[in-house]
Amino acid sequence: MKLLSTILFFALIWMTNVQANEQDNHAINQYYQKFTLSFANLDLSAIDELYTHDAVYISETHNREIVQGKSQVIDLYQSFFDKIRRKQAKIEVEFRVHVRQLRDNGATDIGYYLVRFHPAKETGEPVSEFSGKFVNVFIKEQGKWRISVDSNTRGDAKLYFAAKPQASLYYGQRFKAPQHKKQPKPDKPH
């Protein structure tokens, strides 16, 4: 009977941990949904709540300093969103999390991102895109997950499109891989 009690006790602990991990995964995945909406609407309010007060942002830009502090991170996004508004353009971003390392009060996400820039229609310019890899470090503060480190690099869009869904991790599906037009076959000589 004691063995059965011990087994049930450990099974209960395991199930509790699995449920807690799923709740944390869901909460962290919400970050990516809020981020994509913020970009689509050029709205800083959702981004503001996603970062810790001492957040650090490391850009893919080679000559940009490390940005430290939530207000400086928000200023960076404000400047970027203002530029998009001035151009009367739209921007979309999407993420595919490849790895999540989850601990009690911390998590690290590693994955791919893709950004599409839609210029104002009157410019006649085509939609452009850039992509890369990211690392986000989250900290759980007062029961809420916040980003403490946000880092990204540039990379080939093929990596984003080749990324496979991982169980319980955010996998953006807004963007489809570009379809290559088939070249017409040359006519056969008669």
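**Pockets in the predicted model**

Me: How do the residues of the largest pocket's lining divide into nonpolar, polar and charged?
Reply: Charged means Asp, Glu, Lys and Arg; nonpolar means Ala, Val, Leu, Ile, Met, Phe, Trp, Tyr, Cys and Pro; the others, Gly among them, are polar. This is a predicted model, where local features need pLDDT of at least 70, side-chain atom pairs need 80 or more, and totals for linings use all residues. Numbering starts at 1 along each chain, and side-chain values use heavy atoms, without hydrogens or water. The split is 15 nonpolar, five polar and six charged.

Me: Which residues lie closest to the centre of the largest pocket?
Reply: The largest pocket (open 1 Å grid points for a 1.4 Å probe, protein on both sides within 12 Å along at least five of seven lines) holds about 620 Å³. Its lining (an atom within 4 Å of a point) has 26 residues, and the closest to the centre are Phe39, Tyr57, Glu60, Phe80 and Phe130.

Me: Which element gives the largest share of that lining?
Reply: Elements are DSSP runs: helices (H or I) of at least four residues, strands (E) of at least two. The largest share of the largest pocket's lining is six residues, and the element is H3.

Me: Now the second largest pocket: which element gives the most to its lining?
Reply: This pocket has a volume of about 200 Å³, and its lining includes Tyr31, Phe138 and Trp145. By class, five lining residues are nonpolar, two polar and four charged. Both H1 and E6 supply at least two residues. With four residues, the top contributor is H1.

Terms used
Grid points are joined across faces, edges and corners, and a volume is the space filled by probe spheres set on the points.
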